[in-house]
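Trainee: I would like a close look at a single part of this model, the surface near the DNA. Please take me through it slowly.

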Protein chains: 2
Amino acid sequence: MDTDLPQTYASGCPSRTVVDVLANKWVLYVLSVLNSSARPLRFTELRRHIEGVTQKSLTQALRNLERDGLISRTVYPTIPPRVEYARTDLGADIGRLTAEIADWSRSNARRILAARATYDAPESA
Amino acid sequence: MDTDLPQTYASGCPSRTVVDVLANKWVLYVLSVLNSSARPLRFTELRRHIEGVTQKSLTQALRNLERDGLISRTVYPTIPPRVEYARTDLGADIGRLTAEIADWSRSNARRILAARATYDAPESA
DNA sequence: CTGAATCCCTTTTGATACTG
DNA sequence: CAGTATCAAAAGGGATTCAG
């Protein structure tokens with residue numbers, strides 16, 4: 001692409017606030033899970049698919065994504081309450097990318113953990 | 001892909017530790033900048049291309065990436081010292097993805113900020 | 001120039017309890 | 001079920017100082 005002109009990320013650029021939202025592991029997982037789901041998912045379903053996330057962190061991730069128009073939140077006023085989350089058209093685009101990152105992490109975890117072990121090893125030498 | 005089987009991210013999965021490293025805005029920017037650069041970059045050059053990052057945060061991001069084998073760090077024992085960072089083959093793969101995320105964020109910042117404004121607006125009503 | 005080390009404050013996170 | 005509220009613990013970030 002460039003021959004010698006790396007990209008510069010300006011601090012005032014609005015897109016930085018978007019990256020700020022995306023640069024969060026729970027947000028990445030939510031987008032990735034919804035990306036691989038053919039139907040909307042309920043809060044508890046999402047939580048089951050993202051092991052280790054607390055209710056609080058998941059709620060916050062969902063709020064941020066809803067605020068940015070990347071996912072939709074639908075409340076069914078039943079008892080007990082039923083809330084469904086789905087990706088929007090906008091969220092589907094970025095969801096594909098985050099899913100690719102999650103896939104890549106799975107595919108290359110072995111190599112990365114090996115590099116990590118090598119890096120950490122000399123400390124005990 | 002799936003008809004009704006969303007992906008599950010298990011808490012014990014090693015790939016989770018990889019995502020933990022990637023889910024950081026400075027890490028995303030470093031990978032993206034190196035992805036768009038044809039040559040290795042020095043510490044100060046990187047810092048110039050990622051406005052707002054402090055020395056401490058940049059150093060930490062670079063260490064994490066080096067540890068995971070995603071970037072290489074080369075020290076030239078000159079005076080003053082010269083240190084160059086470059087993407088590894090492994091880092092190039094993920095760098096393309098992070099660059100896509102940064103690009104997407106720029107391209108869609110307008111729409112996202114609009115959604116954000118709409119979401120925040122009712123609070124003053 | 002490229003950091004490491006420190007202090008200090010803010011933010012995030014986890015755990016727990018409670019509500020419609 | 002799907003949250004909110006709260007408190008304590010942990011992590012993150014900025015500013016500064018020092019060093020090879």
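Mentor: Gladly; what follows goes along that surface one strand at a time, then turns to a few places in the protein.

Please keep in mind that this is a predicted model, in which local features need pLDDT of at least 70 and side-chain atom pairs count only at pLDDT 80 or more, while totals for chains, interfaces and linings use all residues. Residues are numbered from 1 along each chain as its sequence is written, chains are lettered from A and ligands numbered from 1 in written order, and side-chain values use heavy atoms, without hydrogens or water.

Let's begin with DNA strand D. It is surrounded by 17 residues, each with a heavy atom within 4 Å of the strand. Thr44(A), Gln55(A), Arg73(A), Tyr85(A) and Lys56(B) are the closest. Where DNA strand D has atoms within 4 Å of the protein, 48% of these belong to sugar or phosphate, and bases supply the rest.

The elements (DSSP runs: helices H or I of at least four residues, strands E of at least two) come from both chains. At least two residues each are supplied to the surface near DNA strand D by α3 (43–49), α4 (55–67) and β3 (82–87) of chain A and by α4 (55–67) of chain B. The most comes from α4(A), with 4 residues. By class, this surface has 6 nonpolar, 6 polar and 5 charged residues; here Ala, Val, Leu, Ile, Met, Phe, Trp, Tyr, Cys and Pro are nonpolar, Asp, Glu, Lys and Arg charged, and the others, Gly among them, polar.

Now zoom in on the polar contacts, pairs of N or O atoms within 3.5 Å. Thr44(A) places a polar side-chain atom 2.3 Å from a phosphate oxygen of DNA strand D, and for Arg73(A) the distance to a phosphate oxygen is 2.4 Å. Arg42(A) has a side-chain N or O atom 2.9 Å from a sugar or linking oxygen of the strand.

Next, rotate to DNA strand C. Among its 18 surrounding residues, the nearest are Lys56(A), Thr44(B), Gln55(B), Arg73(B) and Tyr85(B). Of the atoms of DNA strand C within 4 Å of the protein, sugar and phosphate make up 51%.

A base oxygen of DNA strand C lies 2.3 Å from a polar side-chain atom of Lys56(A). Ser57(A) has a polar side-chain atom 3.1 Å from a phosphate oxygen, and Arg42(B) has one 2.9 Å from a sugar or linking oxygen. Two or more residues each are given to the surface near DNA strand C by α4 of chain A and by α3 (43–49), α4 and β3 of chain B. Here α4(B) gives the most, with 4 residues. The classes on this side are 6 nonpolar, 7 polar and 5 charged.

Finally, some places in the protein are worth a look. In chain A, Thr74(A) belongs to strand β2 (residues 71–76). Its relative accessible area of 33% makes it partly exposed, that is, neither buried (under 20%) nor exposed (over 50%). Leaving aside residues up to four places away in sequence, Thr74(A) touches Arg82(A), Val83(A) and Glu84(A), with heavy atoms within 4.5 Å. Pro80(A) sits in the loop between β2 and β3 of chain A, and the peptide bond from Ile79(A) to Pro80(A) is cis, with omega near 0 degrees. In chain B, the bond from Ile79(B) to Pro80(B) is cis, and Pro80(B) lies in the loop between β2 (71–76) and β3 (82–87). Most peptide bonds are trans.

Terms used: A polar contact is a pair of N or O atoms within 3.5 Å; within protein, one must be able to donate a hydrogen and the other to accept it, and residues adjacent in sequence count only if both atoms are side-chain atoms. Buried means under 20% relative accessible area, exposed over 50%, partly exposed in between (1.4 Å probe, protein chains only).
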